[in-house]
Amino acid sequence: MKSRRRQECAGTASVPLPRAAKFCPECGKSQLAATNIWKMCPSCDTLTESDAVFCTSCNERFPESLS
């Protein structure tokens, strides 16, 4: 018999998620498979995950065209 392990949030591993969840209801982080898509901050040139709204280095908000 197949094990039915509950899906957990990729960001906050303690949060159980519904089987087909695309986003965590607690932190809002995408639960889709990780990709190698990155975006570069136009202010400081730091590479950041493609789903980020703010740069992880300088906290500059990404323009809508990069989001």
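## Report on a predicted protein model

At a relative accessibility of 52%, K22 counts as exposed, because exposed residues are those over 50% relative accessible area. This value, like the others in this report, belongs to a predicted model. K22 lies in the loop between strand β2 (16-17) and strand β3. Its separation from C9 is 13 residues along the sequence and 9.8 Å in space, from C-alpha to C-alpha.

The loop that holds K22 leads to strand β3, which covers residues 38-40 and includes W38. W38 is partly exposed, with a relative accessible area of 49%. Together with M40 and L47, W38 makes a nonpolar surface patch of about 340 Å².

T48 sits in strand β4, which spans residues 47-49. T48 is buried, its relative accessible area being 2%. When residues up to four places away in sequence are not counted, T48 touches W38, K39, F54, C55, T56 and F62. One of these contacts, W38, also takes part in the nonpolar patch, and another, C55, is itself buried.

The table sets out the relative accessible areas of the residues discussed.

| Residue | Relative accessible area | Class |
|---|---|---|
| K22 | 52% | exposed |
| W38 | 49% | partly exposed |
| C44 | 30% | partly exposed |
| C55 | 3% | buried |
| T48 | 2% | buried |

How many disulfides does a search of the whole structure find? The search finds zero. The pair C44 and C55 illustrates this result. For the sulfur of C44, the closest cysteine sulfur is that of C55, at 3.6 Å, which is too far for a bond. The converse also holds, because the sulfur of C55 has its closest cysteine sulfur in C44, again at 3.6 Å. A disulfide requires the two sulfur atoms to be within 2.5 Å, so a pair at 3.6 Å does not qualify. The two cysteines also fall into separate classes of accessibility: C44 is partly exposed at 30%, whereas C55 is buried at 3%.

The confidence of the prediction should be considered alongside these details. The chain has an average pLDDT of 76, and 73% of the residues score at least 70. Confidence is highest in strand β3, with a mean of 86, and lowest in strand β1 (residues 7-8), with a mean of 68. Over residues 1-5 the pLDDT is below 50, and this stretch has zero contacts in the model beyond near neighbours in sequence. Where pLDDT is low, predicted coordinates should not be read in detail.

Terms used
Residues numbered from 1 in each chain as written. Predicted model: local features only at pLDDT ≥ 70, side-chain atom pairs only at ≥ 80, totals over all residues. Heavy atoms only, no water. Patch = residues over 30% accessible without salt bridge, like charges linked within 9 Å, V, L, I, M, F, W, Y side chains within 5 Å. Areas by Shrake-Rupley, 256 points an atom, 1.4 Å probe, with all protein chains shown as cover. Salt bridge = Lys/Arg side-chain N within 4 Å of Asp/Glu carboxyl O. Helix = DSSP H or I, 4+ residues; strand = E, 2+ residues; numbered from the N terminus. Buried < 20%, exposed > 50% of the residue type's maximum accessible area, 1.4 Å probe, protein only. Contact = heavy atoms within 4.5 Å. pLDDT = per-residue confidence, 0-100.
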